[in-house]
Amino acid sequence: MSGERTWVDRLAERFARGLARSTSRRSTVARLGTWLVGAATLPLLPIARDWQAAASGLPDDAKLPGESGDPTKCNYWRHCALDGFICSCCGGTQSACPPGTEMSPITWIGTCRNPGDGKDYIISYNDCCGSTLCMRCQCLRTEGEKPPYVLWKNNALLWCFGTKSRAVHCSVSVVLGVAEQ
Amino acid sequence: MKPAGRSLGAFLLAAATLAVAPAARAWTPAVNYALNCQGCHLADGRATPGLVPALAGTVGRLVHVREGRDYLVRLPNVASTTLTDDETADLLNWVVRRFGATELPRDFAPFSAAEVARSRGTPLVDVDGARRATLEALAHPSVRR
C-alpha cells in the first residue's frame, strides 16, 4: 500500500483532532465515571423495584389501590390475622424482615380485605427468624385463622421452618395477590 | 324466662344467626392452592427439599396409577381440608396440571368429587404401606412412562 493517506484517514484524523480540542481527558473520565455510577445506582431506584416486583409476580407493595393505615399498628388491614411482633416496628417493613434476620420460606397464608378497594388480598404471614423476640408492637388478630388441629392455618405456631435458626423475631404480612372468586 | 322458653329463645337466636351468617366464599383453585398448600409447598411447587416434599415433577407421576391417585387424596392435609369434595377435586386437577404437566398420562382422567369423597373417607393410617403400594404400582412394566 502507498504511504499516501486516503480520504477516510483524513476524515478520521480531522474528527479525532476536533474531539481532542473540544474535550479534555479529565472531563471524559469524569463523564465516564458519572455514567458508571449512574448505571450502578439504577437498581436502587423505584423503577427497578417495580420491575423486580413484576418479575416475581407479586404486586408492588407501595401501589395497592387505596392503600391506607399505619403498618406499625395492629389494626393495619394487612395484619388481620397476624400473631406476633410487627416487623415494621423492629427495623423491617410490613413485607421485609429486619436486617440480620431471615424470612421463613414456610408460612401460613390467609386473606385480608383492603378497605381501599374492598377487595380480598392473599396475605402470607412469614416469620423473620434468627434473633430474639423483638418485643415491640405485639399484635394478635385472628381473621380466618384456625385452631392448631388445622396446622397450616394456625398463627400461634412458630413458623421458623427451613431457616438457619428457629428463633422468631417478628412477623410480616406479605401481599401475594388478589384473592379471586 | 322459663327453661323451655330460654331453650326456644336460644334455638331461635341460633337459627337467626345462621340465616345471616355469610356463606363460605368459593375461591378459584389457584387461590385455594395459595391458601391451603402454598405455605409449605411454595408458589412454584418445589417446596423445601428435606423438609417438605416437592409437587413439581412428582405429582404428575403419581396419578399414573390408581394407588397414587388414592394416596394423593388421602394425605392428611388434603383429606382433612375444609374444602368441599368439589373444590378439592378442582384443586387437585389444578395442582397436577400446574406442577406435573410434563409427567401427566396422555389419557389423564380428572379427579371427580365422587372420587375425592370416596378416598378421603378412608383415613390414611398405614402411610408407609400406601407409599410402598404406589411405588410398586408405578414400577410395573404396564405403566406408561
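Colleague: What makes Gly68(B), Arg69(B), Tyr71(B), Leu72(B), Val73(B) and Arg74(B) in α5(B) count as buried?

Modeller: Buried means under 20% relative accessible area, exposed over 50%, and partly exposed in between, with a 1.4 Å probe and protein chains only. Those six names in α5(B) are classed as buried. Please keep in mind that this is a predicted model, where local features need pLDDT of at least 70 and side-chain atom pairs count only at pLDDT 80 or more, while totals for chains, interfaces and linings use all residues. Residues are numbered from 1 along each chain as its sequence is written, chains are lettered from A and ligands numbered from 1 in the order in which they are written, and side-chain values use heavy atoms, leaving out hydrogens and water.

Colleague: Which elements do the buried residues of α5(B) pack against?

Modeller: They pack against α4 (59–62), α6 (76–79), α7 (85–99), α8 and α9 (127–139) of chain B. Contact means heavy atoms within 4.5 Å. Helices are DSSP runs of H or I with at least four residues, strands are E runs of at least two, and both are numbered from the N terminus.

Colleague: Why are α5(B) and α8(B) called roughly perpendicular?

Modeller: Their angle is about 75°, and 65 to 115 degrees counts as roughly perpendicular, so the two helices earn that name.

Colleague: Which residues meet there?

Modeller: Arg69(B), Asp70(B), Val73(B) and Arg74(B) in α5(B) meet Glu115(B), Val116(B), Ser119(B) and Arg120(B) in α8(B).

Colleague: Why is Trp7(A) called exposed?

Modeller: Its relative accessible area is 59%, and the cut-off for exposed is over 50%, so Trp7(A) qualifies.

Conventions: Axes are lines fitted to C-alpha atoms, for helices over the stretch in contact, and angles run from 0 to 180 degrees between N-to-C directions. Angles under 35 degrees count as roughly parallel, over 145 as roughly antiparallel, 65 to 115 as roughly perpendicular and the rest as oblique.
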